[in-house]
Amino acid sequence: MALMTGKQYRESLNDGREVFIDGKRVKNVAEHPSFKPIVDVKARMYDMAFEPEKKEKLTTRLEDGEVVSRAYKAPKTKEDLTGIRNHVETVLDDLGGVVYRVGDETIGEMWSLYDAQDKLNEINPSYAKNIANHIDRVAREDLFHVSANTDPKGDRSKLFSGKDGGTLLHVVEENDKGIVVKGAKFETAAAYAHQAFVKPTILNWEAGEETMAPFACGFIADMGAPGLKHICRTSLGTGKNDTDYPISTKFEEIDTLLIFDNVLIPWENVLFHRSLASAAYIRSTLHRYSAFNYVLRVLRRADYLLGTALLNVEQTGLTKLQAVREKISQLINYREGINAHLTAAVANAEVSPGGLMMPNQSLLYTGRVFALSNFPAMAHLTRELVGGQLAVTPDSETFADPAIQEYVDKYYSVGEWSAKERGKLLYFARDLLNSSYAGHRTTFELFAQSPPFAQQMSVFNSFDMEAQREMVRKAADLKAAITVTNQ
C-alpha cells in the first residue's frame with residue numbers, strides 16, 4: 001500500500017466496469033475522448049504528490065508513519081484543517097482550473113459517519129468498525145472516492161410511502177455474503193472513480209420503520225462491481241477547440257446515472273442497514289467536513305471572475321472610471337466574503353462528537369450560502385465588465401486566417417495586447433461565463449451538496465441562537481423562565 005501514481009490510476013480503471021455514453025459502451029475509460037481530459041487531470045493530481053516541491057503540502061503521515069495524501073487523513077487539529085486548505089489550493093494552482101469531484105471533498109462524508117460511531121454501535125458494532133476500516137483503507141490505498149447521493153426523481157408520493165422500490169435504491173436480499181441492492185443514484189465522476197459512499201437522501205421517513213427499512217442503508221460500492229452500470233451524460237467539451245474553450249475541454253466532469261441491478265455489497269462494506277436513525281443522522285451531518293473543500297472551490301471560481309474582469313477593463317484603461325472601480329470592488333467584496341468565512345471556520349473550529357476537528361459549522365454553512373447565492377450576480381457583473389465582445393468574437397481559426405489578418409489585428413489589438421492575446425482572454429471569459437459548460441457549472445454548484453432550502457436548513461440548525469434570545473430577554477426585561485424552542 002502506497003501513494004498511487006497517475007499511471008497506476010489510469011490502469012486501475014480497466015476493471016471491466018460497464019460504462020455507457022453517447023449510445024455506446026466504453027472500452028477504455030482512460031482513453032475515451034469524453035473521459036480522457038478529466039482522467040488526465042486526476043492522474044496529474046496523483047503524480048503531483050511525488051514532486052519534491054509539492055510533496056510537503058500534498059502528503060502527510062499516519063500514526064504508524066505511512067505516507068498518505070494530505071486530503072485523506074482525518075483532521076484532528078486546526079493545523080490539519082489548514083493543511084487540507086493548502087492541499088486544495090496547491091492542486092488547483094497547478095491545474096489552472098477548478099475541479100469539484102476529485103476525492104478530497106467526498107472523503108469528508110465518511111468522516112461525518114465516523115462521528116456517529118456511538119449510534120452505529122447501538123445498531124451493530126461491526127458497522128462502526130467498517131467505517132473506521134474504510135477511512136483507513138482509502139488513505140492507505142490512495143483511492144479515488146466519490147459519493148452517490150442523488151435519487152432519480154420518481155413519484156415522490158409513492159417513494160415516501162415505501163410503495164415504490166423501482167427507482168429508489170433499496171435492499172432486495174440479505175445473505176451470508178452481504179446485502180443485494182437494486183435501484184439508481186446519480187453521481188459526478190463515478191465512471192472514473194474507484195468507489196462510492198452510497199446513502200439515502202430521503203428526508204421524510206413517515207411510512208414507518210418496517211416499510212422504509214430497506215431504503216435505510218449506507219455502503220461502499222466498488223465502481224467496477226458486477227451488475228453496476230454507468231449511464232453517462234454527453235460531454236460538453238469533447239470535440240471542441242481547446243483554444244476557444246480552454247476550460248471545458250480540460251475540466252469537464254462527467255455525471256453518471258448509476259444503475260444497481262442486483263449488486264452484491266459485502267458485509268464488510270455495509271456501513272449501516274435497516275436503520276432510519278442512521279440514515280437521518282448522516283443526512284443532517286453529511287457536509288460538516290466536505291463543505292469546507294467545496295466552498296474553497298467556489299472561492300477559486302470567484303478569483304477567476306475577479307481576474308477575468310480586471311484584465312478586461314485594464315487593457316482598455318477603464319479602471320480610471322469610478323463606476324468601473326465600484327464594480328471591481330463588489331467582486332473583491334464577494335471574494336473576500338467567502339475567504340473570511342473559510343478562514344474564520346478554521347480559526348473557530350470545533351471538536352466533533354467523534355473527536356475530530358471540524359470547521360465551525362455555523363460559519364462554514366453561512367459561507368456556503370453566501371458563496372452560492374451571490375455567484376450568479378457576480379458572474380453577471382463580470383459579463384458587464386468584459387463587455388459585448390464576449391458574445392460576438394469570432395473563433396481562433398478565423399483569427400488565424402491570413403486573408404483577414406490585417407483586420408483582426410486592427411480591430412482587436414489594444415495597446416500592448418495583441419489580437420491573439422486578447423482573443424485568448426475573451427475565449428477564457430466566454431467559457432467561464434457563457435458556454436454550455438458555464439451554465440452546467442452554475443446549476444451543479446447550486447445542487448451539488450444539497451438544494452438551496454437544505455443549505456438554509458443547515459444554517460438554521462447549526463447556529464446557536466440562545467445568545468440572541470438572552471440579549472433580548474435582558475434588554476426587554478423578559479422572564480428568563482419562558483422557554484423558546486425551534487420545534
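What volume does the largest cavity have? In this predicted model, the largest cavity has a volume of about 180 Å³. The structure as a whole holds four cavities of 30 Å³ or more. A general point helps in reading such values: rolling a probe the size of a water molecule over the atoms shows where empty space is left.

The walls of the largest cavity are a good place to begin a tour of the model. Its lining is made up of 16 residues, and K42, M45, S69, H87 and D142 are the ones that lie nearest the centre. Two elements, α2 (36–48) and α4 (78–95), give two or more residues to this lining. Of the elements, α2 gives the most, with three residues. Sorted by class, the lining of the largest cavity has ten nonpolar residues, together with three polar and three charged ones.

Attention can now turn from the cavities to the pockets. The second largest pocket holds about 250 Å³ of space. Its lining consists of 13 residues, and those nearest the centre of this pocket are A74, K76, Y114, I135 and D136. Helices α5 (107–114) and α7 (125–141) each supply at least two residues of the lining, and α7 gives the most, with four residues. The lining of the second largest pocket divides into nine nonpolar and four charged residues, with no polar residue present.

The nonpolar interior comes next. In soluble globular proteins, nonpolar side chains tend to be buried together. Here, the largest nonpolar core has 137 residues, among which F35, Y192, F219 and F260 touch the most other members. Helix α12 (residues 290–314) provides the largest share of this core, namely twelve residues. One of the four well-connected residues, F219, can be followed in detail. When its neighbours within four places in sequence are left aside, F219 is in contact with L169, I179, V181, A196, F197, V198, F260, I265, N269, V270 and L271. F260, itself one of the core residues that touch the most other members, is thus also among the contacts of F219.

Cysteines deserve a brief word. The structure holds zero disulfides. C217 is buried, because its relative accessible area of 2% is under the 20% cut-off. C232 also counts as buried, at a relative accessible area of 10%.

Backbone geometry singles out two residues that are not glycine. D22 has a positive phi of about 55° and lies in the loop between β1 (18–21) and β2 (24–25). With a relative accessible area of 48%, D22 is partly exposed, because this value falls between the limits of 20% and 50%. A189 has a positive phi as well, near 75°, and is placed in the loop between β7 (178–188) and β8 (195–198). A189 is buried, with a relative accessibility of 0%.

The loop between β1 and β2 also contains G23. Is G23 buried or exposed? At 80% relative accessibility, G23 counts as exposed, since this value is over 50%. G23 also serves as one end of a distance through the model: its C-alpha atom and that of N124 are separated by 43 Å, and these two residues are 101 residues apart along the chain.

Key:
Residues are numbered from 1 along each chain as its sequence is written. This is a predicted model: local features need pLDDT of at least 70, side-chain atom pairs count only at pLDDT 80 or more; totals for chains, interfaces and linings use all residues. Side-chain values use heavy atoms; hydrogens and water are left out. On a 1 Å grid over the protein atoms alone, a cavity is a set of points where a 1.4 Å probe fits but cannot get out, and a pocket is an open set with protein on both sides within 12 Å along at least five of seven lines; lining residues have an atom within 4 Å of a point. Grid points are joined across faces, edges and corners, and a volume is the space filled by probe spheres set on the points. Ala, Val, Leu, Ile, Met, Phe, Trp, Tyr, Cys and Pro count as nonpolar, Asp, Glu, Lys and Arg as charged, and the others, Gly among them, as polar. A disulfide is a pair of cysteine sulfur atoms within 2.5 Å. Buried means under 20% relative accessible area, exposed over 50%, partly exposed in between (1.4 Å probe, protein chains only). A nonpolar core is a set of buried Ala, Val, Leu, Ile, Met, Phe, Trp, Tyr and Cys residues joined through side-chain atoms within 4.5 Å. Contact means heavy atoms within 4.5 Å.
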